[in-house]
Amino acid sequence: MSTHELHENQHYIGGTWRESQGEIPIPVIDARTGVIMGNAPAGSVADLNAAVEAAVAAQPAWRALTPQQRGKHLRALADGLDDRREEIATVISREVGATYSLSYNVQAVVPSHSLRTAAAIAESYPFSEEIDNSIVVREPIGVVGAITAWNFPLHLVTVKAAYAMAAGNTVVVKPSEFAPLSARILAEVAIYAELPPGVLNIVFGTGPVVGEALVRNPAVGAVTFTGSTRAGKRISELAADQVKKVTLELGGKSPNIVLEDADFKAAVEFGVADCMVNNGQRCDALTRLLVPRSRVAEAESIVAAKVRELVVGDPLEEGVDVGPVISDIQWNRVQDLIQAGIDEGARIVVGGPGRPSLPEPLDSGYFVKPTVFGDVTPDMRIAQEEIFGPVLVIQAYDSESEAIDLANDTIYGLHACIWSDDEDHAMKVAGKVDAGLVKINDGPLNLLAPYGGYKQSGLGREYGRFGFEEFLEVKAITTTHNVRPWS
Ligand code: NAD
């Protein structure tokens with residue numbers, strides 16, 4: 001029996017495996033074939049409450065450790081994850097459909113990087129400062145609840161847990177029920193690395209049962225969530241009842257703005273490649289390509305050539321660029337939006353509805369044809385809604401100010417990319433774009449800079465010092481020293 005089968009109806013609570021009190025486990029589906037590849041518990045409210053109790057019990061001792069002592073534990077987790085990179089990458093490619101190179105080089109690498117980075121930030125962080133006659137201290141919140149999406153399953157769990165733990169909190173995680181298996185590996189690593197019991201707890205199950213119970217539990221001081229804007233709103237509503245702190249990383253519909261003075265071919269090709277990473281299943285994917293109207297035909301021809309080069313197939317095979325989307329639900333959602341694009345009058349440049357032709361057993365997987373739409377107007381669903389599949393829309397603009405208006409014309413504001421050969425020009429445009437993350441040309445993601453969204457893309461930030469501070473309370477202690485008169 002593999003360790004996955006051994007623990008398939010267990011949660012990681014209080015440093016050990018505990019049998020789920022929920023009903024029948026939830027099957028985990030291999031996105032490549034539609035076949036069941038494992039199970040994870042459908043946890044109950046009782047399971048969740050037991051995990052919160054374990055986290056509450058562990059918090060005083062964890063908080064009392066120095067940042068260096070906590071850092072040692074986090075680095076041991078990072079080492080343990082690094083030892084299991086191949087296994088993590090394979091599981092995630094099968095669950096999510098990510099190509100093996102993305103799974104290995106990003107999905108399985110960023111988690112240990114987050115653990116080490118969070119440890120280092122805590123070790124050098126000024127937890128106390130003086131402001132005139134006040135000593136301002138930053139303290140852990142207590143127990144943090146983390147609820148995560150499926151598209152970068154281990155990264156989303158670890159970026160939250162790492163920073164929360166480094167700050168002295170204990171954590172209860174509810175991973176996505178669609179991609180829970182890498183979180184099980186994290187639990188095995190935590191047991192092996194002897195992380196103190198209760199510091200990290202993982203309860204598997206659905207959002208409406210385990211997720212909502214986590215938000216409602218009064219011993220949970222803050223909730224950090226990554227997922228859809230729909231679920232984020234529900235979590236905010238529930239948390240408001242206890243005025244509980246919430247950090248939300250939600251959806252996006254991010255523009256790739258190609259300015260007149262850009263390296264046009266590089267900008268357009270980059271836009272296609274970015275949109276297709278993880279088969280389009282990325283909150284920050286650049287899913288809208290904004291080009292000058294006079295260059296639409298040129299853009300379409302570059303895009304079509306680039307998309308035709310993409311190899312769709314088994315993500316575990318070398319040379320494959322685009323794997324399946326995660327589930328039949330997601331496949332149907334993507335198809336629904338492709339059809340909506342056609343019905344609303346957009347034109348397919350390449351791709352289209354239906355499955356690409358693939359041999360058995362991939363013919364039962366959730367593959368989507370990489371698709372690009374032209375003649376897209378801002379009122380169309382494909383210009384406004386997050387598709388979360390390999391679908392790009394091209395939007396034409398007549399002036400730079402129209403490009404900015406188009407870029408800002410969605411409910412989202414997570415990411416934007418601006419292409420120009422003149423960095424000052426790009427910076428000026430960056431100042432007018434409503435997004436938490438703005439990339440100039442192909443500048444790589446900086447994992448120390450704050451990450452998060454404007455508008456309905458979220459609340460709060462992750463990564464680096466900004467992300468760390470989300471897990472701290474601020475206390476001002478007023479003293480009788482250094483009193484400065486008010487006037
Ligand atoms: P989802 O909202 O359906 O689920 C996310 C998590 O929330 C899951 O663990 C789910 O079980 C839980 N959940 C669902 N309903 C809940 C409820 N009522 N109460 C508590 N928990 C609940 O999202 P998904 O389909 O897993 O992921 C895709 C979405 O995530 C996309 O919208 C994507 O943009 C977003 N996302 C955002 C970021 C970011 O950093 N901004 C990163 C990755 C994914």
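These are my notebook entries on the ligand site, the empty spaces and two backbone oddities of this structure.

**Ground rules**

I'm working with a predicted model, where local features need pLDDT of at least 70, side-chain atom pairs count only at pLDDT 80 or more, and totals for chains, interfaces and linings use all residues. Residues are numbered from 1 along each chain as its sequence is written, and side-chain values use heavy atoms, with hydrogens and water left out.

**Entry 1: the ligand**

I started with the residues around the ligand, taking a residue as near if one of its heavy atoms lies within 4 Å of the molecule. There are 29 of them, and T148, E177, S228, L250 and E386 come nearest.

Next I looked up polar contacts (pairs of N or O atoms within 3.5 Å; within protein, one must be able to donate a hydrogen and the other to accept it, and residues adjacent in sequence count only if both atoms are side-chain atoms). E386 has a polar side-chain atom 2.5 Å from an oxygen atom of the ligand. For W150 I noted 2.8 Å from a polar side-chain atom to a ligand oxygen, and for R230 the figure is 3.4 Å. The protein covers 92% of the 840 Å² of accessible area that the ligand has on its own (Shrake-Rupley method, 1.4 Å probe; for residues, only the protein chains shown count as cover).

Which elements build the shell? I use DSSP runs, numbered from the N terminus: helices are H or I with at least four residues, strands are E with at least two. α9 (207-216), β10 (222-226) and α10 (229-240) each supply at least two shell residues, and α10 has the largest share, with four.

By class, the shell has 13 nonpolar, nine polar and seven charged residues. Here Ala, Val, Leu, Ile, Met, Phe, Trp, Tyr, Cys and Pro count as nonpolar, Asp, Glu, Lys and Arg as charged, and the others, Gly among them, as polar.

Why does the ligand lie between two domains? Domain 1 (10-250 + 457-477) and domain 2 (255-446) both give residues to its shell, so it lies between them. The domain bounds come from an automatic or database domain assignment.

**Entry 2: a pocket**

I then turned to empty space, searched on a 1 Å grid over the protein atoms alone: a cavity is a set of points where a 1.4 Å probe fits but cannot get out, a pocket is an open set with protein on both sides within 12 Å along at least five of seven lines, and lining residues have an atom within 4 Å of a point. Grid points are joined across faces, edges and corners, and a volume is the space filled by probe spheres set on the points.

The second largest pocket holds about 190 Å³ of space. Of its 13 lining residues, A273, M276, V277, L310 and D321 are closest to the centre. α11 (264-276) gives the most to this lining, with three residues.

**Entry 3: cavities**

I found three cavities of 30 Å³ or more in the whole structure. The largest has a volume of about 70 Å³; 15 residues line it, and P255, A407, Y412, G413 and H415 are the closest to its centre.

The second largest cavity is about 40 Å³. Its lining includes E386, along with I387 and F388.

**Entry 4: backbone**

Most residues other than glycine have a negative phi, and most peptide bonds are trans. The bond from E360 to P361 is cis, with omega near -5°, and P361 sits in the loop between β14 (347-350) and β15 (371-374). N278 has a positive phi, near 60°, in the loop between α11 and β13 (286-292).
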